[in-house]
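I set out to record what I looked up in this model, entry by entry. The topics are aromatic pairs, nonpolar cores and one helix.

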Amino acid sequence: MEAFEKKAYLIQLFEQYEKLLTEKQISYFKYYFYDDYSLQEIAEIFDVSRNAVHDQIKKVEKHLIDYEEKLALLTKMLKRQDLINDIKKSKDLSLLDEIGKLDE
């Protein structure tokens, strides 16, 4: 996965699982991924080492990926969106059954 794709994927995961993270993890993630701050800039804001910020960012990435592996909320949401778009295009209401199966 390329850096841009990984960043986009992590942001999507963050939007699904943000409430499961600590305030510090949320802040670090937002500064790093949304505001494009460097690790050093974040470290200066929070008066911690660059390595502490790096470790937290990596920990958040791992948590987000673990949450998705266990809960699959993003995967189901994207599949649901695809099915809804297919229904709109084809008017095939039998696809509604597929949406229902996602939450079984």
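The entries below follow that order.

**Entry 1: status of the model.** I note at the outset that this is a predicted model.

**Entry 2: aromatic pairs.** I described each pair of rings by the distance of the centres and the angle of the planes. With centres required to lie within 6.5 Å, I obtained a count of 9 aromatic pairs. I then looked up Phe-29 and Tyr-34, whose rings are 6.2 Å apart centre to centre, with 65 degrees between the planes. This pair is edge-to-face, because the angle is over 60 degrees. I checked the accessibility of both partners: Phe-29 is buried at a relative accessible area of 0%, whereas Tyr-34 is partly exposed at 39%.

I next examined Tyr-31 and Phe-46. Their ring centres lie 5.9 Å apart and their planes stand at 75 degrees, so I entered this pair as edge-to-face. The pair links distant parts of the chain, since Tyr-31 belongs to helix H2 (residues 23-34) and Phe-46 to helix H3 (residues 39-46), 15 residues apart. Tyr-31 is partly exposed at 25% relative accessibility, and Phe-46 is partly exposed at 31%.

I also found a cluster in which ring pairs link Phe-14, Phe-29, Tyr-32, Phe-33 and Tyr-34.

**Entry 3: nonpolar cores.** Which residues touch the most other members of the largest nonpolar core? I found Phe-29, Val-53 and Leu-64, in a core of 18 residues. H1, H2, H3 and H4 are the elements that each give two or more residues to this core. H1 gives the most, with 5 residues.

I followed Val-53 further. Setting aside neighbours within four places in sequence, I found Val-53 in contact with Tyr-28, Leu-39, Ile-42, Ala-43 and Val-48. Another core, of 5 residues, lies apart from the largest one; Leu-83, Leu-95, Ile-99 and Leu-102 are among its members.

**Entry 4: helix H5.** I looked up the span of helix H5 (residues 73-90), which has 18 residues. From its first C-alpha to its last, H5 reaches 26 Å, close to the 26 Å expected at 1.5 Å a residue.

Which residues of H5 are buried? I recorded Leu-74, Leu-83 and Ile-87. I recalled that residues three or four places apart in an α-helix point the same way, because there are 3.6 residues a turn. The cover over the buried residues of H5 includes helix H1 (3-17), helix H4 (50-71) and helix H6 (96-101). Lastly, I noted that Lys-91, just after H5, takes a positive phi of about 60 degrees.

Methods. Residues numbered from 1 in each chain as written. Predicted model: local features only at pLDDT ≥ 70, side-chain atom pairs only at ≥ 80, totals over all residues. Heavy atoms only, no water. Phe/Tyr/Trp six-rings, centres within 6.5 Å; stacked < 30°, edge-to-face > 60°. Buried < 20%, exposed > 50% of the residue type's maximum accessible area, 1.4 Å probe, protein only. Helix = DSSP H or I, 4+ residues; strand = E, 2+ residues; numbered from the N terminus. Expected span 1.5 Å × (residues − 1). Contact = heavy atoms within 4.5 Å. Core = buried A, V, L, I, M, F, W, Y, C linked by side-chain atoms within 4.5 Å.
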